Amino acid sequence: MTPYTTSSIREVLAKLPLFCELNADEITMLLPGVREYRMRAQEMLFNKGDKLDGIHVVVSGQVKLFMPTQQGTERVVGTMNAGATFAEAVVFLDIPCPVSAQATQDGVLLIASKNVLLEVLDCDSRFARKMLASLSMKLHQLMSDMETCTLMNSVQRVVCFLSNQMPEQNPTHYEVKLDTNKQTLASRLNLAPETFSRALHHLVTAGLIEVQGRTIRIMDVQRLKHFQI
C-alpha cells in the first residue's frame, strides 16, 4: 500500500472529528509529530502495561480494546471504528496502559505524539474542549457499561445494547448491523458467548427480534424497551 504523504495526512486530520475545527496553521503544527501505522487484522498493537507516547486515531479498520484475565480469556472494553481516538488519558497522565489493543480488521492508524498535541492545546481552546468532550464521553460510556454489566441479567444487557442502537428518528422497528463478531460483543457485555446466544434466542422466541448473521432486526421497539424477564 502507498504510504501517506504529509499532504494526505493533513487531509485526513482535517476530516477527523477531534481535529476538524483546527485551522491550517494548527494542523501544520501537528504534522511533525504524526506518524502513520498500517495495521493488519489480529495484530497486537500494544499490551496492558505498555507506555504510549501518542494518542491513536483510527482512519480505517477497527481496533479492539480489552483487558486480559487471569483465566487466559479477555474482557472487551470497547471497539474503535473509523474516526475514533483512544489512549488519550494514559498519554497525558504518563501511566502504563490499563488495556491491550488488537486490530480486528486491516486498516490505518495515525499516532499523534504527546508533545505536538500539547503545543496545539496551548494555542486553541476549541481543541482543548473537544479533547475534554472526548474523554468525558468515554467516561460516561464506561459508567454506563459498568451499570449494564453489574445490575442487569443477561437478557436485560442484550436488550439495553439493542435499545441503545436505535436511530434518532425513533422508528417502530430497525436493524442493528454488528460491526464486530458476537464473541467480542458478548465479552463487552461481560457474557459468555453461549449465554449471549441464549439471550438472543430468548428474544427471538418472544418475537422481539430476528437474527441473520451479524444483522439483528428489532421487530417492535416499544415491546423491546419494556421487555421484562
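Let me start with one contact. The side chain of N181 reaches the backbone nitrogen of Q183 at 3.2 Å. This is a predicted model, so please hear every value that way. Where does N181 sit? In the loop between β9 and α7. N181 is partly exposed, with a relative accessible area of 33%. Now look across to R40. N181 and R40 are 141 residues apart along the chain. Their C-alpha atoms are separated by 17 Å.

Next, the sheet that β9 belongs to. It is open, with 3 strands. The order is β9-β11-β10, and the pairing is antiparallel. Which strands stand at the edges? β9, residues 174-177, and β10, residues 209-212. Each has a single partner strand, so one side of each is left without a neighbour in the sheet. From one strand to the next, the twist averages 20°.

Take the pair β10 and β11. Strand β11 covers residues 215-218. The two run antiparallel, joined by 4 bridges. For a landmark, find E210. Its bridge partner in β11 is R217.

What packs on this sheet? Helix α6 does, touching β9, β10 and β11. The direction of α6 makes about 105° with that of β9.

Stay with α6. The helix spans residues 154-164. Its buried residues are V155, R157, V158, V159, C160, F161 and L162. Note the arginine in that list: R157 is buried. The N-terminal end of α6 is capped by N153. There, a side-chain oxygen of N153 lies 3.2 Å from the backbone nitrogen of V155.

Now a helix with a clear buried side: α4, residues 114-123. V116, L117 and V120 are buried here. Why do they fall on the same side of α4? Because they cover an arc of only 100° around the axis. An α-helix has 3.6 residues a turn, so residues three or four places apart point the same way. The face of α4 turned away from that buried side carries the exposed residues N115 and D122.

On to the cores. In soluble globular proteins, nonpolar side chains tend to be buried together. Here, the largest nonpolar core has 38 residues. Which members touch the most others? L13, F19, L30, V63 and F86. Let me open up F86. Leaving out residues up to four places away in sequence, F86 touches F46, I55, H56, V58, V63, L65, M80, A101, L109 and K138. So V63 turns up again, as one of the residues that F86 touches. There is also a second, separate core of 24 residues. Among its members are V158, V159, A199 and L224. We met V158 and V159 a moment ago, as buried residues of α6.

Last topic: backbone angles. Two residues have a positive phi without being glycine. One is A87, at about 80°. A87 lies in the loop between β6, residues 85-86, and α3, residues 88-93. The other is N190, at about 60°. N190 lies in the loop between α7, residues 182-188, and α8, residues 193-205.

Buried or exposed? A87 is buried, with a relative accessible area of 12%. N190 counts as partly exposed, at 43% relative accessibility.

That is the tour. Questions, please.

Notes: Residues numbered from 1 in each chain as written. Predicted model: local features only at pLDDT ≥ 70, side-chain atom pairs only at ≥ 80, totals over all residues. Heavy atoms only, no water. Buried < 20%, exposed > 50% of the residue type's maximum accessible area, 1.4 Å probe, protein only. Polar contact = N/O pair within 3.5 Å; in protein donor to acceptor, adjacent residues only side chain to side chain. Core = buried A, V, L, I, M, F, W, Y, C linked by side-chain atoms within 4.5 Å. Contact = heavy atoms within 4.5 Å. Arc of directions from axis to C-beta. Pairing = 2+ DSSP bridges. Axes fitted to C-alpha atoms, helices over the stretch in contact; angles between N-to-C directions.
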